[in-house]
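Work through the exercises below with the model open. Each task is followed by its solution.

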Amino acid sequence: MKDANKAKRTIADQSAPTGVTYWRSLDELGDTPAFREWVNERFPRSMRELLDGAIDRRQFLYLMAASLGLAGLSGCRRPEIEALPYSKPPEEVIPGLPTFYATAMPRNGLAVPVLVESHEGRPTKIEGNPRHPDSEGTSDCFAQASVLDLYDPDRSRSVLHNGVPSNWAEYDTFATDHFAKARASRGRGLSILAEDIPSPALNLLRAHLKLAMSEARWFTYEPISGTNVLAGSALAFDPPGRPRYFLDRAAIVLALDSDFLGLEDEGGRQLRGFSAARQVKSATDSMNRLYAVESRYSLTGGMADHRFRLASSQVIAYVAALAKRVLAGTPEGETIASALAQSRLASTGRWQDSPWVNEVAADLKANAGGSLIIAGRHQPPLVHALAHAMNVALGNVDKTFELREVPPEPSSASLVELVRAIEQGQIETLLILGGNPAYNAPAELDFAGSLKQVKTTIRLGLHADETSSGATWHLPAAHYLESWGDARASDGSVLAIQPLIEPLFGGRTALEIVARLSAFETTSARELVRLAFRQHSGLKDAELDVAWQKFLHEGWREGSAYPVLKPRLQADKIAAAVAKSPPTPVPPTAESLELVFERDATVDDGRFANNGWLQELPDPITKLAWDNAVVLSPKTADAFHVSTGDVVSLDLAGRTVEVAALVLPGQADFSVSLSLGYGRTVAGRVGRGVGFNAYALRTTAAPDIAIGLKLARTGRRHPLACTQDHFTMQGRDLVRELTLEESRRLATSTEREDATKTSTDLITHPPLTGEHQWGMVIDLNKCVGCNACTIACQSENNIPIVGKDEVIRGREMHWIRIDRYFSGTADEPELVHQPVACVQCESAPCEVVCPVNATVHSDEGLNVQVYSRCIGTRYCLNNCPYKVRRFNFFNYNERPLDQLRLGPLAEKGMAETLKMQKNPDVTVRIRGVMEKCTYCVQRIERAKIGAKVEAGASGNTAVVDGTIVPACAQACPARAIVFGDISDPESRVSKLKAEPRDYALLGELNTRPRTTYLARLRNPNPNMPAAGRERA
Amino acid sequence: MWRHANADPREVSKKHQNYFLDTAQEPINIHNNLLVMGGLVPASGLLCAIVHERGLFSCLAGSCEVCVQSNAVTAAASNRVCGAAFGIPDREAKEPFVPLIFSKGADLWLGRVVVGGVLSAIASIAGLYYYGPPEYTRVGYAPTQPVPFSHEQHAGRLGMSCLYCHTGVEETPVAKIPPTQVCMNCHQLIKADSPKLDLLRKSWSTNEPMKWQRVHKTPDYVLFNHSVHVQRGVGCVSCHGKVNEMPVVVHDKPLSMGWCLNCHRHPEDHLRPPSEATNFAWQPPEGRSQQDYGQFLKEHARIAPPEHCAGCHR
């Protein structure tokens, strides 16, 4: 207090001649850099600059949108509203109609092709690029949610010099001088640390940098990388390449600790192929069979017909045993098999009679040419090499498996080498482009500490985060939706990154920074991309112009993919590696646990920590939102007397972290897993202090699987926001499962369960006389529970986030949730996912209880919610058997989440930037209003209006099947959701509903839901032991 | 019911009895009598307080010296005071009673207050019903525009098509207010120096938008789409009135929900061939009424406007 008074006086002396100074926090009192940053965020300089400067089209557009919005606020009875048309209208913007641009989202060493919807210059929604084979129009939750990152009000808004707000002019003055000196010394002492993003334009610049500054060094770091994948391929093949899998052609798939349907690279494309091979329509259709060996339940394990719980560190022993069996006697693999026979990898005898070796090997061999073995990113290169050897021996190459060339990128050194160089004092200037190494670097490197030894650090980042805290200069980066750039997709094809909006906060791209660094001929990112395009396309003049236009229009350049290699298996090299390999570590025990670091299914490696949509998105397996937790098997938990929510202390080689525990069936015993990306200390309002930092335990030596973990109880509890605490269906057949055999019998039998029973109807609805009758089918045999639909829906329908407290109270707002159920025993459970949105009952229980007619039926069978009528009685919610209605308990859109309970005392208003994200076709709901899935009625009406406009005076107003795609169905990488007109017997949805697998959720209630489900199929190997489950 | 905190219920009831039977001779506290009147007491307490110029609480708490001490209130006096207050005749009065608070006509004016209240409630509901809806608040709105653009001149006398300026109305949800550029297409040559067009030229040279006053506006939760109406045969005139005769644009139709629904339920009253959508002078063919011809168009083009909520609210 004494100090505070002293400080108060000091400040009063300096700045307030009146003698009385008030302050609101100790930060302000001390006038700390953090406080100045806070003020700076509140009063963005960039807005002023924007108004002063010349206004171009995009800036104008968004200013116009904002002024129209503000104009509506003044006055009460008759607000005088100004209509502001363009002075000179831009060519391609038509007010009222969205425009779509193809661009790409760079992420973890690859780029994802996307198509972005833009309303009057505001990007609002992201879809996959339908023209690119990686996406075919589908996307995932990260791509869907990235639009929120663009509008994140916590994004860095100005240049910071030693933590004090500065501006680009000051930085440019510094940089011109500084880098001129660096060029004079050929770049000695200059290093660049970048994310691993293969970009032709960046490579062009790096080539120039090499010429201009030969001594400058380039480092790359990605916390989650495909190093093992590429190393495994280099061990197995000559020439090495990037393996690509074609699941649609595989009948038997074996996943070795690989979440190839989820969090591995190319998860979306692989999932699409996988689900295509599960199309069972007639009695003769076959279906793929998936074996999964893994420690933690993954989406892939959830789809497996046979799943084997095995600690990740033990997978190599299993692979060795399996490879010995598969490779023995084959011309390609004999040397490896004999090396395996002599090695200590699989000599424990444990695998001798295991059906997981014998039966799986037999099944793989029986389907030679149509089988596939995929090793996961966690596994060491040898596991990958053995998997490749088996694929080769089974004749899968060029059928289910191919190898794409990976042309040598300009050489980059690793983060370890960078830290070594810093310690040796070789580095004076460090330019960090993106990433967040101070947070996610391996713990033993103490990168944040090393940074302090560098004289000048310049950091380009979307947020002023952990890495920026110690930097000399922090530069705001442009979001990819604001940038020109290019990047390569998983097959190597070049994708265009083009801006949809002028940088909101004046950010620059990495290209622009590096171009200034090496004094390249142009600093315009667009010019750079075009130069690179000329180089990699090899075109000239008029041809180049045409190709360039096409490149921007399509979002990628066709024919730019890397060539497919003819791989030659290096059996001798693998055999040598087997011989050299140390024995498999002993299986983990309670004294020495195994810790597996997982890429998080919602915040990735931490880059999405400040994205509210992703933070509130429940993990697909644990159903945990707003936190991560160390996942234990029930047996492990019993051994430590730990239950879900207990805080435990994890000790790995002297490094300790306290983490909440979560007990999950299906986890391998004494193997625990912890996802990365949480416990951020310097993030925005959403991500700060959420969850526990797993990077503090992660080292270069054991980045994926660490052995020797000690676990201890602390006696404390941590509240966890799980959206689904129960595990079973409690005797109801919410999710129906059949084996393939059963489904074939069903297909040939004439018996049909009537999904829409016609017994007494207590509830009446208006006559369903509409021209179309909308309905939906969700195929549980394809859905893996990846969450893409949930975020797509959130983005399309302006759904707010509610915060951890509210989620704990069960008030999350997601219109489509994904239920997860376990069946079987707690030790060997099976897992099913079921997406549930409003099923649009024909006899809707919600409608009869509404006292104000706020939920009514349309003549097309939609259960319509009328926000302006709703008075918030919540009767409908209570009467809904599906629990799909969502209530706005608070004004989630207008009030900060930590002040919801302050009522009118809370700050009011939505951040200007967040308003820009909202879909103008959907009402933003306020407090006290019920809401729920509408089948994306705005898309339905748009399509109907389109058909009517087309019809004109003629009567041909029918909407063609497939025109209307709800947001969830559009995003779904598995194509599990089909929407259409059930009154048209030829529509896709009608045909699916006619399948014998079709059933209505809680159909016995006679609600006659319009959304029905196709039963999940399993295709067990009759020779395998039933995985803890009695089958009919 | 509001009750005195200290009042013993039995006491109260006894005194209550005394009051009505008028037998007790000992002084009583009139406040207790007042208090048992429940809900009326605060009101009379207020009146007492005003009359005696004392604080309200002193009266209610029985500590007001005016009644308790100076009057040394007897039951009879109390009867007079309170009886007068509540219009109960004083049976013991020897001489004409001078009312202290309420006149004998209190009943009458109390009744008047009640009746007046009811009447004014009805009047305000009726007023809201008449003056509240868009039929009154919106129709006739004709703001002054920054540039006195006359639709009568352009669309009427010059016969320009609506679509020359309001492009997009056939394809998009909105009938665009024309950009400055559209005005300048002609006005670079015609009336190029007119001072009335100063603002227009300024907008043209500075790239700043013209600040037109918006006349027609649906609420944010109404998603009206121009293209589908125009393309299916609802003329401009049906919603905007005879704009070609308006020197200053006037809000001609209410654009209220009931008004929209009228047409959605009976589109035949307004349908015309889509090619005539912008023709203000269009009439149904000779010998056919609007309803008759509209019905024909409705059946021919299978016009079925949505009547469910999601048709306009999403």
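Two strands pair if DSSP finds at least two bridges between them. Keep in mind that this is a predicted model.

**Exercise 1.** Find how strand 32 and strand 41 of chain A pair, and place them in their sheet.

Solution.
- Strand 32 covers residues 774-779 of chain A, and strand 41 covers residues 1011-1014 of chain A.
- Four bridges link strand 32 and strand 41 of chain A, so the two count as paired.
- Their sense is parallel.
- Look at one bridge: Val777(A) has Thr1012(A), in strand 41 of chain A, as its partner.
- Now widen the view. The open sheet has four strands in the order 39-32-41-40 (chain A), and its pairing is mixed.
- Strand 39 (977-981) and strand 40 (998-999) of chain A are the edges, each pairing on one side only.

**Exercise 2.** Describe the open sheet of seven strands in chain A, and the helix that packs on that sheet.

Solution.
- Read off the order: 6-5-18-17-16-7-8 (chain A), with mixed pairing.
- The edges are strand 6 (164-165) and strand 8 (217-220) of chain A.
- Take one pair inside the order. Strand 17 (residues 456-461) and strand 18 (residues 473-476) of chain A run parallel, joined by four bridges.
- Within this pair, Leu460(A) is bridged to Leu475(A) of strand 18 of chain A.
- Add the helix. Helix 16 (residues 415-423) of chain A touches strand 7 (190-194), strand 8 and strand 16 (429-433) of chain A.
- The direction of helix 16 makes about 130 degrees with that of strand 8 of chain A.

**Exercise 3.** Characterise the contact between chain A and chain B.

Solution.
- Start with the residues: 44 come from chain A and 43 from chain B.
- Next, the area. The two chains bury about 3800 Å² between them, with 61% of it on carbon and sulfur atoms.
- Count the polar contacts: 13 residue pairs between chain A and chain B, both residues at pLDDT 80 or more.
- Which elements of chain A give two or more residues to this side? They are strand 1 (82-83) and helix 32 (937-951) of chain A.
- Helix 32 of chain A gives the most, with eight residues.
- Sort the chain A side by class: 21 nonpolar, 10 polar and 13 charged residues.

**Exercise 4.** Find the salt bridge and the strand pairing that cross between chain A and chain B.

Solution.
- One salt bridge is found across the interface.
- Glu771(A) and Arg302(B) form this salt bridge, with their closest N and O atoms 3.3 Å apart.
- For the strands, strand 1 of chain A pairs with strand 1 (residues 212-213) of chain B.
- The sense is antiparallel, over two bridges.
- In one of them, Glu82(A) meets Gln213(B) as its bridge partner.

Technical notes. Residues numbered from 1 in each chain as written. Chains lettered and ligands numbered in written order. Predicted model: local features only at pLDDT ≥ 70, side-chain atom pairs only at ≥ 80, totals over all residues. Heavy atoms only, no water. Contact = heavy atoms within 4.5 Å. Buried area = accessible area lost by both parts, 1.4 Å probe. Salt bridge = Lys/Arg side-chain N within 4 Å of Asp/Glu carboxyl O. Polar contact = N/O pair within 3.5 Å; in protein donor to acceptor, adjacent residues only side chain to side chain. Nonpolar A, V, L, I, M, F, W, Y, C, P; charged D, E, K, R; others polar. Axes fitted to C-alpha atoms, helices over the stretch in contact; angles between N-to-C directions.
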